[in-house]
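Trainee: I would be grateful for a close look at a single part of this model. Please take one helix and follow it outward to its surroundings.

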Amino acid sequence: MLRYFGLFYKWGLLTFCTRQICRWVGLRLSDAREERPLAAPSQLQRFTEEATYLLNHVGMSWWGVHLMPQEWWRSRSAVWHVAPASDAALRDFMRQQGCSWIITGMLCHFVDPRRKDHAQMMTHHVVTVALIAGTLYTDDVRVAALTATVHNISDIGICAMKVLN
């Protein structure tokens, strides 16, 4: 149990540092342009949130793609038959995914301002954490890791559009 607390602490610290860096970048970008698109505090906060989520999705996607054998991307049946280099690495990846989603859900609920889709986002975070916990419990990490990686890859475009908006 103490090991999981350490993971939460590391993810929380990493998320805090990433948010501060994204906020600093947002301020510098706003100062560099005449129209100052991030001059309003709410715009800067939104940029900081989305840039943090973008970096999280890029990092997790990169890690997930490099963990999985190439055959998994070519054939669905290979997920069941081709063993990865290490199932322990996939379990660690899924634990990190769980911590990431728990921290993101806590930020969504306690730190970020409430938006119209708050209930849907909280439901999404709770269901995602429950699915990750279930796959770790039943040891179905292969399919879960593949699904989490595809999910992160698809979120890169969404977060990038929100950052550039």
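Mentor: A residue is called buried under 20% relative accessible area, exposed over 50%, and partly exposed in between, with a 1.4 Å probe and protein chains only. Helices (H or I, at least four residues) are DSSP runs, numbered from the N terminus. This is a predicted model, in which local features need pLDDT of at least 70 and side-chain atom pairs count only at pLDDT 80 or more, while totals for chains, interfaces and linings use all residues. Residues are numbered from 1 along each chain as its sequence is written, and side-chain values use heavy atoms, with hydrogens and water left out.

The part chosen is helix α7, residues 141-164. The expected span of a helix is 1.5 Å times one less than its number of residues. For the 24 residues of α7 this gives 34 Å, and the end C-alpha atoms are 34 Å apart, which agrees.

The buried residues of α7 are V141, A144, A145, L146, A148, T149, N152, D155, C159 and V163. An α-helix has 3.6 residues a turn, so residues three or four places apart point the same way. The cover over the buried residues of α7 includes α2 (41-67), α3 (71-74), α4 (78-81), α5 (87-111) and α6 (118-138); contact here means heavy atoms within 4.5 Å.

A nonpolar core is a set of buried Ala, Val, Leu, Ile, Met, Phe, Trp, Tyr and Cys residues joined through side-chain atoms within 4.5 Å. The largest such core has 16 residues, and M68, W72, L90, F93, M94 and A145 have the most contacts inside it. At least two residues of this core come from each of α2, α4, α5 and α7, and α7 supplies its largest share, 5 residues. A second, separate core of 9 residues includes V163, together with C22, Y53 and L54.

Beside the start of α7 lies W80, a residue of helix α4, which touches R142 and V143 when residues up to four places away in sequence are not counted. W80 and R142 are 62 residues apart in sequence, yet their C-alpha atoms are 7.9 Å apart in space. W80 is exposed, at 60% relative accessible area.

The loop leading into α7 carries a charged pair. A salt bridge is a side-chain nitrogen of Lys or Arg within 4 Å of a carboxyl oxygen of Asp or Glu. D139 and R91 form one through their side chains, at 3.1 Å from N to O. D139 lies in the loop between α6 and α7 and R91 in helix α5, so the pair ties together parts that are 48 residues apart in sequence. D139 is partly exposed at 45% relative accessible area, and R91 is likewise partly exposed at 24%.

Among the helices that cover α7, α2 and α5 also pack against each other, at an angle of about 170° and with axes 11 Å apart. Axes are lines fitted to C-alpha atoms, for helices over the stretch in contact, and angles run from 0 to 180 degrees between N-to-C directions. Angles over 145 degrees count as roughly antiparallel, and α2 and α5 are therefore roughly antiparallel to each other. The residues that meet include Y53, H57, M60 and W63 in α2 and L90, F93, Q97 and W101 in α5.

Conventions
Parallel < 35°, antiparallel > 145°, perpendicular 65-115°, else oblique.
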